[in-house]
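Work through these exercises with the model open beside you. Try each task before reading its solution.

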Amino acid sequence: MSIKSEENFIKVFLEFVEVWIHQTVYLKNIYPRSIFMKKKKYRTPVMMSVQPWINEYIVKTLSSIEDYVRSSEPELRRIVLVLSEGDLAKEKVILELDLKSIMRNIAAVDEYLVQLELSFVSLILRLNQVLSDM
C-alpha cells in the first residue's frame with residue numbers, strides 16, 4: 001500500500017472509530033440526548049456529541065489509537081469502550097477487527113476506500129440495531 005493510500009486508510013479508519021464511539025455513547029444513553037446532534041457520515045445519519053469536554057476526551061482517545069496504528073507493525077484486534085459510573089465499570093462494548101487484514105485485503109484493492117466506507121456503514125447500522133434492541 002502506498003504512503004498516500006495508507007494515510008487515507010488511517011484517516012477513514014479513525015473517522016469510523018470516532019463515529020462508533022459517539023454512536024455507542026448516544027445509544028447507551030450515557031449522556032443526555034440533548035448534547036447530540038444529527039450529522040451525516042458516509043451518507044448515513046449518526047448522532048455526534050456537541051459537548052466540548054466529551055469531544056476532547058474522544059479526540060484524545062483517537063490520538064492514542066492513531067499513534068498505535070502508525071507504529072511499526074500494529075496488531076490492533078479490538079477496541080474496548082468501557083462504560084463506567086464513577087470508578088465502577090458498568091459495561092464494555094467491544095469492536096473486534098483485524099487491522100492488518102483490513103489494510104491488506106480491502107484497502108490494497110480499493111484505492112478510493114469505497115468498499116471500506118461501505119463496510120463501516122454496515123457496522124454502524126448493525127450497531128444501531130443491536131444497541132437499540134437492548
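**Exercise 1: A charge and a ring**

Task: Find what sits over the ring of Tyr26.

Solution. The charged end of Arg33 sits over the Tyr26 ring, 4.1 Å from the ring centre. Keep in mind that this is a predicted model.

**Exercise 2: The overall layout**

Task: Count the helices and strands, give their order, and judge how compact the protein is.

Solution.
- Step 1. Count the elements. The protein has four helices and four strands.
- Step 2. Read them from the N terminus. The order is α-β-β-α-β-β-α-α.
- Step 3. Compare sizes. The radius of gyration is 15 Å, and the globule rule gives 14 Å for 134 residues. These values are close, so the protein is as compact as a globular protein of that length.
- Step 4. Look at the box. Along the principal axes, the C-alpha atoms fill roughly 40 × 30 × 25 Å.
- Step 5. Check burial. Of the 134 residues, 40% are buried.
- Step 6. Check the contacts. Take those with a separation of 6 or more: 56% of them join residues 24 or more positions apart.
- Step 7. Turn to the surface. The protein exposes about 8500 Å², and carbon and sulfur atoms supply 53% of that area.

**Exercise 3: Two hairpins**

Task: Describe how E1 pairs with E2, and how E3 pairs with E4.

Solution.
- Step 1. Start with E1 and E2. They run antiparallel and are joined by six bridges. Lys39 stands opposite Val46 in E2.
- Step 2. Look at the turn. Two residues lie between the strands of this hairpin, and Tyr42 has a positive phi near 55°.
- Step 3. Ask how enclosed E2 is. Five of its six residues are buried, so E2 is largely enclosed by the rest of the structure.
- Step 4. Move to E3 (residues 78-85) and E4 (residues 88-96). Eight bridges join them, and they too run antiparallel. Val80 has Ile94 in E4 as its bridge partner.
- Step 5. Look at this turn. The E3-E4 hairpin also has two residues between its strands, and Gly86 there shows a positive phi of about 65°.

**Exercise 4: Aromatic pairs**

Task: Count the aromatic pairs, then classify Phe9 with Phe13 and Tyr42 with Phe120.

Solution.
- Step 1. Apply the cut-off. Ring centres must lie within 6.5 Å. The count comes to five aromatic pairs.
- Step 2. Take Phe9 and Phe13. Their ring centres are 6.1 Å apart and their planes meet at 10°, so this pair is stacked.
- Step 3. Place them. Both belong to helix H1 (residues 3-27), and being four residues apart puts about one helical turn between them. Phe9 and Phe13 are both buried.
- Step 4. Take Tyr42 and Phe120. The centres are 6.3 Å apart, with 55° between the planes, and the pair is tilted.
- Step 5. Place these two. Tyr42 is in the loop between strand E1 (36-41) and strand E2 (44-49), while Phe120 is in helix H4 (residues 114-132). The pair therefore ties together parts that are 78 residues apart in sequence. Tyr42 and Phe120 are both buried.
- Step 6. Extend the picture. Ring pairs link Phe16, Tyr42 and Phe120 into a cluster.

**Exercise 5: One serine**

Task: Is Ser63 buried, partly exposed or exposed?

Solution.
- Step 1. Locate Ser63. It is in helix H2 (residues 52-70).
- Step 2. Use the cut-offs. Buried means under 20% relative accessible area, and exposed means over 50%. Ser63 has 33% relative accessibility, so it counts as partly exposed.
- Step 3. Find a distant partner in sequence. Ser63 and Leu14 are 49 residues apart along the chain, and their C-alpha atoms are separated by 8.9 Å.

Definitions and conventions: Residues are numbered from 1 along each chain as its sequence is written. This is a predicted model: local features need pLDDT of at least 70, side-chain atom pairs count only at pLDDT 80 or more; totals for chains, interfaces and linings use all residues. Side-chain values use heavy atoms; hydrogens and water are left out. Rings of Phe, Tyr and Trp (its six-membered ring) pair if their centres lie within 6.5 Å; planes under 30 degrees apart count as stacked, over 60 as edge-to-face and the rest as tilted. Buried means under 20% relative accessible area, exposed over 50%, partly exposed in between (1.4 Å probe, protein chains only). A charge sits over a ring if NZ of Lys or CZ of Arg is within 6 Å of the ring centre and within 35 degrees of the ring normal. The radius of gyration is taken over C-alpha atoms; the globule rule is 2.2 Å times the number of residues to the power 0.38. Contact means heavy atoms within 4.5 Å. Accessible areas come from the Shrake-Rupley method with a 1.4 Å probe; for residues, only the protein chains shown count as cover. Two strands pair if DSSP finds at least two bridges between them.
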